[in-house]
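Student: I would like to go through this model with you and ask, at each step, how a label is justified.
Tutor: Gladly; let us look at it together.

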Amino acid sequence: MRSVTAAAGAAAVLAGLITAAGPASAASAAACSPAIELLPSLPGVSGGAVAGFGTGGLVVGDSGDRPAYWTGAEHTVHAVPLPAGFDRGSVKAVSAKGLMVGIATRDSDRSRVAFTHRLGSATSEPLTAPALEGAPSTSTSTSRGGSCTPTGASPRSG
C-alpha cells in the first residue's frame with residue numbers, strides 16, 4: 001500500500017510540474033514569430049544567397065557572386081575580400097567566433113580555392129592550392145599522430 005501511495009504522489013507532483021511548465025512553454029513559443037527578411041545587396045549588384053548563420057545575428061553567403069556577410073538588426077551588408085587573383089565566390093559557413101570559410105573562383109581558367117576570412121579582417125587567405133572547377137580534389141587527408149592534415153598543406157602554428 002505504501003508503494004502505491006508513493007507512486008500516486010510522485011505522479012501527482014510530475015503532473016503538476018508538466019502543467020506548470022505548459023503555459024510558460026506556450027508563452028515563449030508565442031513570442032517567437034519567424035519571418036522572412038530580405039537582406040540588402042552589395043552596391044551595384046543584385047541577388048544573392050544565405051549559406052550560414054553565426055552568433056549575434058551574423059549571416060554569411062553571397063551577394064551578386066561576391067562573398068558577403070550581414071551584421072546587426074539592420075543587416076548591414078559587408079563585402080568579404082576575395083583571395084588575390086580570384087573574381088567571384090561565396091562564404092559557405094561561419095564559426096561561433098566569426099571565422100568564415102568559402103569558395104573563390106577565377107574566371108580566366110575556372111580554378112577554385114577554399115578560403116578563410118576572419119570577421120573584421122582586411123584580407124582573406126586561401127586554404128588550398130587552385131584546382132580546376134569540377135575537377136576531383138587532389139588533396140587527401142592522412143592521419144599523423146592523431147590529427148588529420150591535407151596532403152601538401154602544413155598546419156599553422158598558433
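**Strands, core and confidence**

Tutor: Gly61 has Ala68 in strand 3 as its bridge partner, and Ala68 in turn has Ala79 in strand 4 as a bridge partner. This is a predicted model, in which local features need pLDDT of at least 70 and side-chain atom pairs count only at pLDDT 80 or more, while totals for chains, interfaces and linings use all residues. Residues are numbered from 1 along each chain as its sequence is written, and side-chain values use heavy atoms, with hydrogens and water left out.

Student: How do you know that strand 2 and strand 3 pair?
Tutor: Two strands pair if DSSP finds at least two bridges between them. Strand 2 (residues 59–63) and strand 3 are joined by five bridges in the antiparallel sense, so the requirement of at least two is satisfied. Strand 3 (residues 66–71) and strand 4 are likewise antiparallel, over four bridges, and Tyr69 stands opposite His78 in strand 4. A strand here is a DSSP run of E with at least two residues, numbered from the N terminus.

Student: What do Gly64 and Gly72 do in the hairpins?
Tutor: Gly64 takes a positive phi near 60° in the hairpin of strand 2 and strand 3, where two residues lie between the strands. Gly72 takes a positive phi near 75° in the hairpin of strand 3 and strand 4, which has four residues between the strands.

Student: Why is one side of strand 1 and of strand 4 left without a neighbour in the sheet?
Tutor: Four strands form an open antiparallel sheet in the order 1-2-3-4. Strand 1 (48–53) and strand 4 (76–79) stand at its edges and have a single partner strand each, so one side of each lacks a neighbour in the sheet.

Student: What makes a set of residues a nonpolar core?
Tutor: The members must be buried Ala, Val, Leu, Ile, Met, Phe, Trp, Tyr or Cys residues, joined through side-chain atoms within 4.5 Å, where buried means under 20% relative accessible area (1.4 Å probe, protein chains only). The largest such core has twelve residues, among them Tyr69, Val91 and Phe115. Strand 5 (88–94), strand 6 (99–106) and strand 7 (111–118) each supply at least two residues of this core.

Student: How confident is the predictor in residues 1–24?
Tutor: pLDDT, the predictor's confidence in each residue, runs from 0 to 100. Over residues 1–24 pLDDT stays under 50, and the model has zero contacts there beyond four places in sequence, a contact being heavy atoms within 4.5 Å. For the protein chain, the mean pLDDT is 75.

How values were computed: Buried < 20%, exposed > 50% of the residue type's maximum accessible area, 1.4 Å probe, protein only.
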